[in-house]
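Please open the structure in a viewer and keep the sequence panel visible. The tour proceeds by selections, each followed by a short account of what is found there.

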Amino acid sequence: MFETAVIFSAGIACLILLRVFTPKTRASRLYRHKSTGVTIRIEQGGKLPESSRDFERIDSSWVPYDMIVNTGCRLMVPFIQLFALYVIAHGHHSPGGGFQGGVIYGSAVILYAISMDLRSAVEQFGEKMTAFSQFIGCPALCRHRLPVPPAGGRIPQLQRPGGPFGSRSDHGPLHGILIVEVGVGMAVMAVMASLYYLLSSAGKFDEGL
Amino acid sequence: MIWQFEFIILLLVVICGIGALSVKDLLGASILFGAYSFMMCLLWAIMGAVDVAFTEASVGAGVSTVLFVAAVFRTSRRTRD
């Protein structure tokens, strides 16, 4: 379970090193008319068509727009997320677990961000949400101090009966392990998404890859 | 496992590693590193460490290549040494 501590500290360090808070003055922005594909540039101080339905904002360094890539990735993303949930849920008795499932879930978020836009991905799974998920998932480390589940009334324990170093046996309190795995998966997913956001937008969370 | 397969995969691992070190284009180096980590994943699956192979396939070949490409996109593409 110490991989969560490592990945959590990596996410926090990347946030501290890379995050910049831009001042209010902004540079020019590019907008695309949706039905015709005409791109307009609005200089600093101009009126922005933010609420208009006909225009969408595009990045200044990544203009190509491809409907096949958009639609294909939008169809693939739910299945990748479902596979990640499968990997998390079946981590006890097959290869996989919270870390791998979290990484797959995070790569689904990254695929969405690459195929659509960085801003639309941040709109779905934003910066506050990533920080919240990291801080929720990390206390899964203190595995013996998890809150007592209301139904069972006993403290979930990660250690199973059996040999040393977590050698597998079929009998064990699986629900406690599942809680820990879900926590690890949430933390890892949030760290992967926020690493990609920070690296691709150079810490500005505005225009990215 | 058939030893010819293992030998070919091991050879590809070495070739991808040397190529990722020696190529001048950083984007090509990150792609070669992704290929290296996928071949390493196959090697681990052959050796019976399925959990390690799973982790390598998801982290090494999946996410870290994307992070490298994002870093190359934000910095320069040519290396100077």
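Begin with A:Val77, where helix α2 of chain A bends by about 25°. Extend the selection to A:Pro78, a proline that follows within four residues of this bend. Please bear in mind throughout that the model is predicted.

Next, select residues 67–89 of chain A, which make up the whole of helix α2. This helix has 23 residues and reaches 34 Å from its first C-alpha to its last. The span is close to the 33 Å expected at 1.5 Å a residue.

Within α2 of chain A, which residues are buried? Select A:Asn70, A:Cys73, A:Val77, A:Ala84, A:Val87 and A:Ile88 to display them. The site of the bend, A:Val77, is one of these buried residues.

Now turn to chain B and colour it by secondary structure. Three helices and zero strands appear, and the order from the N terminus is α-α-α. Viewed along the principal axes, the C-alpha atoms of chain B fill a box of roughly 45 × 20 × 10 Å.

Display the surface of chain B next. About 4900 Å² is exposed, and carbon and sulfur atoms supply 74% of that area. Of the 81 residues in chain B, 28% count as buried.

As for contacts in chain B with a separation of 6 or more, 59% are accounted for by residues 24 or more positions apart.

Finally, select the charged side chains of chain B: 5 are positive and 5 are negative. The centres of the two sets lie 21 Å apart.

Conventions: Residues numbered from 1 in each chain as written. Chains lettered and ligands numbered in written order. Predicted model: local features only at pLDDT ≥ 70, side-chain atom pairs only at ≥ 80, totals over all residues. Heavy atoms only, no water. Helix = DSSP H or I, 4+ residues; strand = E, 2+ residues; numbered from the N terminus. Buried < 20%, exposed > 50% of the residue type's maximum accessible area, 1.4 Å probe, protein only. Contact = heavy atoms within 4.5 Å. Areas by Shrake-Rupley, 256 points an atom, 1.4 Å probe, with all protein chains shown as cover. Lys, Arg positive; Asp, Glu negative; His and termini not counted. Charge placed at Lys NZ, Arg CZ, Asp CG, Glu CD. Expected span 1.5 Å × (residues − 1). Bend = angle between axes of the 7 residues up to and from the residue.
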